[in-house]
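Student: Before any classification is accepted, I should like to see each term set against its cut-offs. May we proceed in that manner?

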Amino acid sequence: MTAPDAVPLTVPEITSPDVTITVIVYDDAARLPRAVASVLRQTHSNIEVIISDDHSTDDTPAVARALAAQDSRVLHLRLPENSGGCGVPRNRALEVARAPYLMFLDSDDELPENAVEVLLAAHRERDVDFVMGAVERIRVDTGRRSRWMAHLVAERRTVDGIEAEPGLLFEHLSTSKMYARSFLDRHELRFPEGIHYEDQLFSAQAYCLAKSFTIVPEPVYRWYIAPYVAADAASISNQRHKLTNVRDRVHVQRLIDAFLAESGHQALREDKDYKFLKHDFRMYEGDLPYRDEEWLRAFAAEVTPYLDTLAPAAFARLPRPERVVVQLVRDGRFAEARWAARGLGHAVAPRETTADGTGLYWGAVPPDSDAARRELDVTDLELDSRPFTGALFRHEIRSVAPGPGLTLDLAVRTYDPGLRLPVGPQRASVLVTPGRRRLTAPFRLDPVRPGVFEGKVRLDLAAARLPPHGFSGVRHPLLRLHQQDLTNTGVLLAPLSFPALRATVHGALPHALTVEPEGKGAGRLQLRWTPVGPAARLLPPLARRLSSPRIRRAARMLRGALR
């Protein structure tokens, strides 16, 4: 089990650990200590920690040995060769784990201090097969925190079989759960080996095999997300640019489908198919605008045969814009799929529509099949009947150019497929709000042809009123249409690529300003401000201290006393 250069596995003197936490690692010497430290800090300390090293080639073995030497609860297990996935190191740790309850942790993540205590208490309260809790996601680049699938774990409850709540299939992480060892052994449930996305198959099997499981709303896992890490260092789920990634994801879905059929859970198929469309396929949809024709053809060749096996009712549960993108990919209309994908999540209209007497369809080409007519029918978007404030338009920047000083010249085209705008010029403005202060640049949109308007606007970025203590952040300008006393505000799509423009904004606190394409998702125009100079190191921290709740309360009391 150990390689010649590894320290043999030794079992420290722990009489009877309550929980075994397996930390899998591969070439992650820098972050492994943080992960292990989060386990050793647990408020429930009677634990066993197994560092399962998938034959790392960096300093991980030495780091793991040192961690084991520092705390008798830590064991170091090194695989004789690299498996290339997560299943093997987890399964090898399961072979030697001694506790009646098991958890899994990746080396780049952490456990909150009371995770073991919370999950174990739920196990001891009721005899269930596993307990799952909330996952806190932390963006490495911004520090922003959010909850993974928060609506699924918002309430504490015990579920008697996955059929009672099939929507839980969306929460497919194995690391957010504590399993009863007896449950895993009774069903000989182990992680699939030799494949990626093994969590999805393992979790689907666990959900289906469990008689009951408890959900707790407390955070039990900290998942660090690094969306902009270099492609060669990205996690498997962030390697969507690789066609092998697409192939692996589809392969796992087919394995799940086979398991559902073999285990008598075919009734879950629609829910599982919907989960694939809404989560797995949706992740690729957001990337489509940035893929070339060759990649898109290969992508369609991988996914279309599988899409053809999904339950029709699963497609019907998707929002219409997502159904449109799926169908355009299936039909090989790749250029249109790119354009449709840019609107996902942003309430963006199509450029144009086609009517044939039976429906109103996305794009300029009438659908040529019953399936296409069903999926591309955008009548339910109510393009011609929504109230003006919520009407759907499409605003695109045709060109971006630097003007004199700190001005930015934009050529804008607006598409109005519902013909909501009256004939003639339209009043419009571009809005951007650094800090809490809005910069507005009014301009005119002139009709080009029915449903299409164009205009030019100059955005004077020097006029943006930045907070006195500076502003560090990103903003995406919006376009606002004005109709009598009503307004309609929508996203402003930019060219997917153009040379970044950089300048310095002078003032009480100088800022570096970058104008660039967003580089992901819809591909909006992106403005980035960064304070620079000596004062940039002093004023923002001081402003944060002065804006603390205690200081603000004291200021309000002082103002009240002086009245």
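Tutor: Let us begin with burial: a residue is buried under 20% relative accessible area, exposed over 50% and partly exposed in between, using a 1.4 Å probe and protein chains only. This is a predicted model, in which local features need pLDDT of at least 70 and side-chain atom pairs count only at pLDDT 80 or more, while totals for chains, interfaces and linings use all residues. Residues are numbered from 1 along each chain as its sequence is written, and side-chain values use heavy atoms, with hydrogens and water left out.

Student: Why is phenylalanine 299 called buried?

Tutor: Its relative accessible area is 1%. The limit is under 20%, so phenylalanine 299 is buried. Tyrosine 284, at 3%, is buried by that rule too.

Student: What makes the rings of tyrosine 284 and phenylalanine 299 a tilted pair?

Tutor: Rings of Phe, Tyr and Trp (its six-membered ring) pair if their centres lie within 6.5 Å; planes under 30 degrees apart are stacked, over 60 edge-to-face, and the rest tilted. The centres of tyrosine 284 and phenylalanine 299 are 5.7 Å apart and their planes stand at 45°, so the pair is tilted. Tyrosine 284 lies in helix α8 and phenylalanine 299 in helix α9, 15 residues apart. Helices here are DSSP runs of H or I of at least four residues, strands are runs of E of at least two, and both are numbered from the N terminus.

Student: Which class fits phenylalanine 281 and phenylalanine 299?

Tutor: Their ring centres are 5.8 Å apart and their planes at 35°, so this pair is tilted. Phenylalanine 281 belongs to helix α8 and phenylalanine 299 to helix α9, so the pair ties together parts 18 residues apart in sequence. Both phenylalanine 281 and phenylalanine 299 are buried. The structure has 17 aromatic pairs by this rule. One aromatic cluster is formed by Phe104, Phe130, Tyr179, Phe183, Phe191, Phe202, Tyr207 and Phe213.

Student: How do you know that glutamate 516 and arginine 528 form a salt bridge?

Tutor: A salt bridge requires a side-chain nitrogen of Lys or Arg within 4 Å of a carboxyl oxygen of Asp or Glu. For glutamate 516 and arginine 528 the N to O distance is 3.1 Å, and the criterion is therefore met. The pair links distant parts of the chain, with glutamate 516 in strand β21 (residues 511–517) and arginine 528 in strand β22 (residues 525–531), 12 residues apart.

Student: Are these two partners buried or partly exposed?

Tutor: Glutamate 516 has a relative accessible area of 14% and is therefore buried. Arginine 528, at 33%, is partly exposed.

Student: What separates glutamate 293 from arginine 297 along their helix?

Tutor: They are four residues apart in helix α9 (residues 293–307), which means a separation of about one helical turn. They form a salt bridge whose closest N and O atoms are 3.3 Å apart. Aspartate 287 and arginine 291 also form a salt bridge, at 3.6 Å; aspartate 287 counts as buried at 16%, as does arginine 291 at 17%. The structure holds 50 salt bridges.

Student: What makes methionine 149 and glutamate 188 noteworthy in their backbone angles?

Tutor: Most residues other than glycine have a negative phi. Methionine 149 has a positive phi of about 50° although it is not a glycine, and glutamate 188 likewise has a positive phi of about 50°. Methionine 149 lies in the loop between β6 (145–148) and β7 (157–159), and glutamate 188 in the loop between α5 (181–186) and α6 (198–209). Methionine 149 is buried at 15%, whereas glutamate 188, at 69%, counts as exposed.

Student: How do you know that arginine 351 lies over the face of tryptophan 339?

Tutor: A charge sits over a ring if NZ of Lys or CZ of Arg is within 6 Å of the ring centre and within 35 degrees of the ring normal. Arginine 351 lies over the face of tryptophan 339 at 3.5 Å from the ring centre, and arginine 34 over that of tyrosine 224 at 4.1 Å.
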